[in-house]
Every structure is written in C-alpha cells, then in structure tokens.
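Student: I'd like to learn how to read a structure like this one, feature by feature. Can we go through it together?

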Amino acid sequence: MATVAGSKRQRAHGAVAALRNQRGARVEPSSYTSTQAKNGFGQVLEAVIQGGVVVITKHDHPKAVMLPVEEFNALAGARQGTLDTLSGEFDQLLARLQTPKARTGLRAAFAASPKELGKAARAAARRRG
C-alpha cells in the first residue's frame, strides 16, 4: 500500500513540474484523491487560498490542478504575450508581402492561362540559374 501512495504522490508532483519549471518557483503541490477533495473541500480551498497548488487524482492519475489566481494570471499572461508578439510579427510580414506589385502579380497569376503559367515558370527558372 505504501508504494501506491508513493506512486500517487510522484505522479501528482510530475503533473505540476511544468508549472515549477516555467516560473522557476518552488511550488510543492498537495495531493488529494477526488473523494478526499469532495469530502474536505474547505481544506482543499484553504490550501489554494494560502498560495498552494493542489493536484486532484482519480484512480491514481492526476485529473485536475487547482492553483491561486496569481499563478493562473502569470501563466495566462505569459502565453498571451507570446501570442501578441507572434501576431505582430505575422502582421508585419504580411504587410511586407502585400505590396501593390505583389498584389498585381497575384491577380495576374490567378487570371493566367496554363500556357502563360508555364511560360512564367520557365522564365523564373532561367532567372534562378
């Protein structure tokens, strides 16, 4: 029975390893089975309010993680900043690609006949060497 409890705790700690690695924080999670969490919700809630991370397991597998709002906001904010940066970079790239000359060329390519496309492909290949 001790090995089951030990493996439960080990899996619970693994479930929040990413959280600890991302933030560099030394967060030690509490581990509760779903039945324990249901029966002792006040205790679980208090652990989270005090800044702890709680992993809820079911059948020896982590199923949920409860964490303080500050931790959630930090994680969500970090991801949002990355998405905003990527979105801005994409918008800049798209603006560089959508020059009037590029738009004219794209319209011409879509309106071209197969013979015209073949001729343009041969010309491009010659330019590349």
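Student: Let's start with one side chain. Is Phe41 buried, partly exposed or exposed?

Tutor: Keep in mind that this is a predicted model. For burial, look at relative accessible area: under 20% is buried and over 50% is exposed, with partly exposed in between. Phe41 comes out at 43%, so it counts as partly exposed. You'll find Phe41 in helix α4, which covers residues 41-49.

Student: Which residues join Phe41 in a nonpolar patch on the surface?

Tutor: Leu45 and Ile49 do. Together with Phe41 they have about 290 Å² of accessible area.

Student: And what about the inside? Which residues make up the largest nonpolar core?

Tutor: For a core, you look for buried nonpolar residues joined through side-chain atoms within 4.5 Å. Here the largest one has six residues: Tyr32, Ala37, Val44, Val48, Val54 and Ile56. Helix α4 and strand β2 (54-58) each supply at least two of them.

Student: Let me zoom in on Val44. Where is it, and is it buried or exposed?

Tutor: Val44 is in helix α4. Its relative accessible area is just 1%, so Val44 is buried. So α4 holds Val44, which is buried, as well as Phe41, which is partly exposed.

Student: What does Val44 touch, leaving aside its neighbours within four places in sequence?

Tutor: Contact is about heavy atoms within 4.5 Å. By that test, Val44 is in contact with Tyr32, Ala37, Val54 and Met66. Take Val54 as an example: it sits 10 residues from Val44 along the chain, and their C-alpha atoms are separated by 7.2 Å.

Student: Which residues does Val54 touch, with the same kind of sequence neighbours left out?

Tutor: Val54 touches Ser30, Tyr32, Val44, Ala47, Val48, Ala64, Val65 and Met66. Tyr32, Val44 and Val48 from that list are also members of the six-residue core.

Student: Now backbone angles. Which value of phi does His59 take, and where is His59 found?

Tutor: A positive phi in a residue other than glycine is something to pick out when you scan a backbone. Phi of His59 is near 55 degrees, which is positive. His59 is in the loop between β2 and β3, the latter being residues 61-66. At 67% relative accessibility, His59 counts as exposed.

Student: What about Asp60 in that loop between β2 and β3?

Tutor: Asp60 has a positive phi too, near 65 degrees. Its relative accessible area is 26%, so Asp60 is partly exposed.

Student: Next, helices. How far does α6 reach, and how does that fit the expected span?

Tutor: The idea is to take 1.5 Å a residue and set that against the C-alpha distance between the ends. Helix α6 (residues 100-111) has 12 residues and reaches 17 Å, close to the 16 Å expected. None of its 12 residues is buried, so α6 lies largely in the open.

Student: And what do the numbers say for α7?

Tutor: Helix α7 has 15 residues that should span 21 Å, and its end C-alpha atoms are 21 Å apart, so the two agree. Just after α7, Gly129 takes a positive phi of about 95 degrees. One residue to look at in α7 (residues 114-128) is Leu117. It counts as partly exposed because its relative accessibility is 43%. Sequence neighbours up to four places away aside, Leu117 touches Ala109 and Ala112.

Student: Let's zoom out. How many helices and strands does the protein chain have?

Tutor: Seven helices and three strands. Along the sequence, the pattern runs α-α-β-α-α-β-β-α-α-α.

Student: What share of the residues counts as buried?

Tutor: Of the 129 residues, 16% do. The chain exposes about 9900 Å², with carbon and sulfur atoms supplying 57% of that. As for contacts with a separation of 6 or more, 43% come from residues 24 or more positions apart.

Notes
Residues numbered from 1 in each chain as written. Predicted model: local features only at pLDDT ≥ 70, side-chain atom pairs only at ≥ 80, totals over all residues. Heavy atoms only, no water. Patch = residues over 30% accessible without salt bridge, like charges linked within 9 Å, V, L, I, M, F, W, Y side chains within 5 Å. Areas by Shrake-Rupley, 256 points an atom, 1.4 Å probe, with all protein chains shown as cover. Salt bridge = Lys/Arg side-chain N within 4 Å of Asp/Glu carboxyl O. Helix = DSSP H or I, 4+ residues; strand = E, 2+ residues; numbered from the N terminus. Buried < 20%, exposed > 50% of the residue type's maximum accessible area, 1.4 Å probe, protein only. Expected span 1.5 Å × (residues − 1).
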